[in-house]
Structures are given as C-alpha cells and as structure tokens.
Amino acid sequence: MFKGILIDKVDGALTAAVSDIDEASLPEGDVTIAVEYSTLNYKDALAINKGAPVVRSFPMVPGIDLVGTVTDSSHSDYKAGDKVLLNGWGVGEGHWGGLAEKARLKGEWLVPLPKAFDAKTAMAIGTAGYTAMLCVMALERQGVKPEDGEILVTGAVGGVGSVAIAVLAKLGYQVIALTGRPEEREYLQSLGAVDIIAREEMSEPGRPLARERWAGVVDVVGSHVLANACASTKYGGTVTACGLAGGMDLPSTVAPFILRGVTLAGIDSVMAPRELRLEAWRRLAEDLDPAKLGEIAKEIALSEAIDASAQILDGKLRGRVVVKVS
Ligand code: NDP
C-alpha cells in the first residue's frame, strides 16, 4: 500500500482524500517511480475541486508534475536508481499522477532530472515554470528583444507569472506585471517587475485597437485581459497565450493581427515535444536565478495539498507550491 490523493465520484458526488492505495491498482506503464515531490498547479486545483473536465476517468490520482527515483523499469532508457522528472502528457488527468508516493508511467514521458537541479528545485519550477520558459522562448523565436520595449506579464503573482517575470527580468527585459493583488507589489518588484498594473485596468471589454504599448506579452488569464493585451501590443509584437485563469473566451477582433501584424502564439506544455522540453529545462538552469525561485516557492506536506488547492482557485496562494510526497 502507499499514500496518495485519490479523487473519486461516489453517487455522483466528487470526493478527494489522502488515501491508502493498493500498489496492484497502479496503471499500466514501463517505469515505476518512488515519488519524492510533486506540485500544485492551477490544473491540479481544478482536478481536486471540480473533477471534470480535467479529470477524464475516476478514480484518479492528481498531480501533473512529479520528481522521484525509478524503482523498476522495463524501458531501455531508465534503470532502478535513476532520478526522473515528469510534466504533463495527460498525467493527473487521464493517467494517475504525482500526488502519491508511487507512480507508474511510460518511459517516453520522462526526462532525466537535469543535473542543475535537485528534486525540490525542479518541482519549485514544475509545469508552471517550464510553461513560463516556453512563453519566453516563443517571444524570442518571434524576435522580441529587450530593446523593443515593455513586456506585459498577466496573472503575475501566480506560478507561471512569477517565473516569467524572474526569467524575463534576468534576460534584460522591462517587465510590467498585471495583478489583482496590488498588495504584492514588493514581491513582484523583488522578482524584477519594474511596475505593476491593476487587473481592473484590463479586465473590462476594450476597443479593438488601443495605444501601442507592449513589445511582447505572457498571458495566463485569457478573456478580456488577453483581448486587451492584443489590442495594446505594438506593431509586429507577439502575445503568448497559455492560460485561462480569467476565462476561456477570447472576445477580440482581428484588428491587432491584420493592422499591426501582431502574432498570437499559443503555448502548450502538456504535449510539447521532448526536444522542446529538454531545451526549456536547459534554459531554466541558465536563465532563472535560484535565489528568486526561493522567494517564489513554498513547501507543504501531502496532507495539506487538498486545502491548498482550494486556495489556488480562490487566488489566495502566491507563486509555486511544492508538495513533499515522501
Ligand atoms: P496560479 O493559480 O498559480 O496563478 C493564476 C493567476 O491568475 C493568479 O495568481 C491571479 O494572478 C490570476 N487570476 C486568477 N483568477 C483570475 C481572474 N478571474 N481574472 C484575472 N486573473 C486571475 O496558476 P498558474 O500560474 O499555475 O497557471 C496560470 C494559468 O495558466 C492557468 O489557467 C493554467 O491552467 C494555465 N497553464 C497552462 C499551461 C499550458 O500548457 N498551456 C501550463 C501551465 C498553466 P494575480 O493574483 O496576480 O492577479
């Protein structure tokens, strides 16, 4: 038996509890892992508190991130004792995930734990941090340079936002943080934001085109915030869209794209190809200041994860949450 969070549906009602789980019920896979740390992402909070549509089958162990040690493997790339990392691939959604002491996964989903990071640091970054880096890399691919002007980061106090600010600032970009929590100004400035904007300024319906301000955008919010960000992006600029914390809609017009040549770049971490993942983790080792990560992440126990997940949906947690699993 091992301990883990189990989400289930009992008589149509969603339940989530730390449970004793029989090892024989682990899903199919060619690598078994003793999990050391997992994390709480926005998606995990949705899974634990709302079930579907994130959870696609019940019962489910949530946790889209994990790091641990291989205990058993029939995959040629991994042997017992190897330290490995997992982000996404539908784990914690359709396949049992990281918020449990054991996981059984497909070897092709795993990445060897990068030498630059210990297990806890890798989870302080987690999917949110790796997605932030995918956004930064997309801005770079589109040719957005520090000298081009300000970069807007939305949902700034959250996991993706916090890491994006820290990385962009280290790379020399001028970062403006959009937040619903003005009381976190000092935190955002300590990460490298040069100024903050109140969420209300961008969350109402806006004009198809507004004053050109942003050279680039990292957006985790969606809806009107994303539409207004596109409308106020400078000629030739790029907006990366990775989240829906404010809504799944995009009430925009084509004006920013056809009149200002703005690029809207979609970012997906879940099915991102292995080469891109390896590059993102390599860049995180290079371009994320570990001291900043210390400010961004806090550690909790597995027994605290369910309560903490509700606080994420209420927008009450800051930065990243690392879960010590075993
Ligand atoms: P967090 O919960 O850590 O942060 C989300 C932030 O969004 C909050 O801190 C808050 O920032 C802001 N926010 C929350 N609710 C609202 C709202 N109603 N309107 C406007 N802003 C709001 O989540 P993550 O950073 O982990 O993830 C952010 C988003 O990105 C989520 O939607 C998540 O699903 C998505 N995501 C997508 C990935 C992909 O592969 N495409 C991978 C990882 C995440 P503040 O308090 O500063 O306003």
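Colleague: Let me start with one residue. Which helix holds D287?

Modeller: D287 is found in helix α7, which runs over residues 274-287. Please keep in mind that this is a predicted model.

Colleague: How do I read burial? Is D287 buried or exposed?

Modeller: The idea is to look at the relative accessible area, where buried means under 20% and exposed means over 50%. D287 has a relative accessible area of 9%, so D287 is buried.

Colleague: Which side chain does the side chain of D287 contact?

Modeller: For a polar contact, we look for a pair of N or O atoms within 3.5 Å. Here the side chain of D287 makes a polar contact of 2.6 Å with the side chain of R283. R283 is found in helix α7 too, and R283 counts as buried because its relative accessible area is 9%.

Colleague: And which side chain is joined to that of R283 by a polar contact of 2.7 Å?

Modeller: That is the side chain of E140. You can follow the links on screen: D287 contacts R283, and R283 contacts E140.

Colleague: Now the ligand, please. Which residues come nearest to it?

Modeller: A useful way in is to list the residues around the ligand and then ask what they are like. There are 25 residues around the ligand, and T179, G180, R181, R199 and S269 come nearest. By class, this shell has 12 nonpolar, 10 polar and 3 charged residues.

Colleague: Which atoms lie close to the oxygen atoms of the ligand, and at what distances?

Modeller: Look at both backbone and side chains. A backbone N or O atom of G159 lies 2.9 Å from an oxygen atom of the ligand. From R181, a polar side-chain atom is 2.7 Å from a ligand oxygen. R199 also has a side-chain N or O atom at 2.8 Å from an oxygen atom of the ligand.

Colleague: How much of the ligand does the protein bury?

Modeller: We compare the area the ligand exposes when taken alone with what the protein covers. Alone, the ligand exposes 910 Å², and the protein buries 85% of that.

Colleague: Which elements give two or more residues to the shell around the ligand?

Modeller: Those elements are α2 (119-141) and α3 (159-170). The biggest share comes from α2, with 3 residues.

Colleague: What about pockets? How much space lies in the second largest pocket?

Modeller: A pocket can be read by its volume and by its lining. The second largest pocket holds about 270 Å³ of space. It is lined by 14 residues, and E201, M202, A210, N228 and S232 are the closest to its centre. The lining divides into 5 nonpolar, 4 polar and 5 charged residues.

Colleague: Next, the backbone. What is the usual state of phi and of the peptide bond?

Modeller: Most residues other than glycine have a negative phi, and most peptide bonds are trans. That makes exceptions worth looking up.

Colleague: Where are peptide bonds cis in this model?

Modeller: One cis bond joins A52 and P53, with omega about 5 degrees. Another cis bond runs from F58 to P59, and its omega is near -5 degrees. P53 lies in the loop between α1 (42-50) and β4 (65-73), and P59 is found in the loop between α1 and β4 as well.

Colleague: Which residues have a positive phi although they are not glycine?

Modeller: D11 is one, with phi about 50 degrees. D11 lies in the loop between β1 (2-10) and β2 (13-21), and D11 counts as exposed because its relative accessibility is 80%. W89 is another, with a positive phi of about 60 degrees. You will find W89 in the loop between β5 (83-87) and β6 (102-105).

Colleague: Last topic: residues far apart along the chain. How far apart are the C-alpha atoms of D314 and L26?

Modeller: Separation along the chain and distance in space are read separately. D314 and L26 are 288 residues apart along the chain, and their C-alpha atoms are separated by 32 Å. D314 lies in the loop between α9 (305-313) and β15 (320-324), and D314 counts as exposed because its relative accessibility is 52%.

Colleague: What are the values for K3 and G294?

Modeller: K3 and G294 are 291 residues apart along the chain, with 28 Å between their C-alpha atoms. K3 lies in strand β1, and K3 is partly exposed because its relative accessible area is 38%.

Key
Residues numbered from 1 in each chain as written. Predicted model: local features only at pLDDT ≥ 70, side-chain atom pairs only at ≥ 80, totals over all residues. Heavy atoms only, no water. 1 Å grid on protein atoms, 1.4 Å probe; cavity = no way out; pocket = protein on both sides within 12 Å on 5 of 7 lines; lining within 4 Å. Points joined across faces, edges and corners; volume = space filled by probe spheres on them. Nonpolar A, V, L, I, M, F, W, Y, C, P; charged D, E, K, R; others polar. Near = heavy atom within 4 Å. Polar contact = N/O pair within 3.5 Å; in protein donor to acceptor, adjacent residues only side chain to side chain. Areas by Shrake-Rupley, 256 points an atom, 1.4 Å probe, with all protein chains shown as cover. Helix = DSSP H or I, 4+ residues; strand = E, 2+ residues; numbered from the N terminus. Buried < 20%, exposed > 50% of the residue type's maximum accessible area, 1.4 Å probe, protein only.
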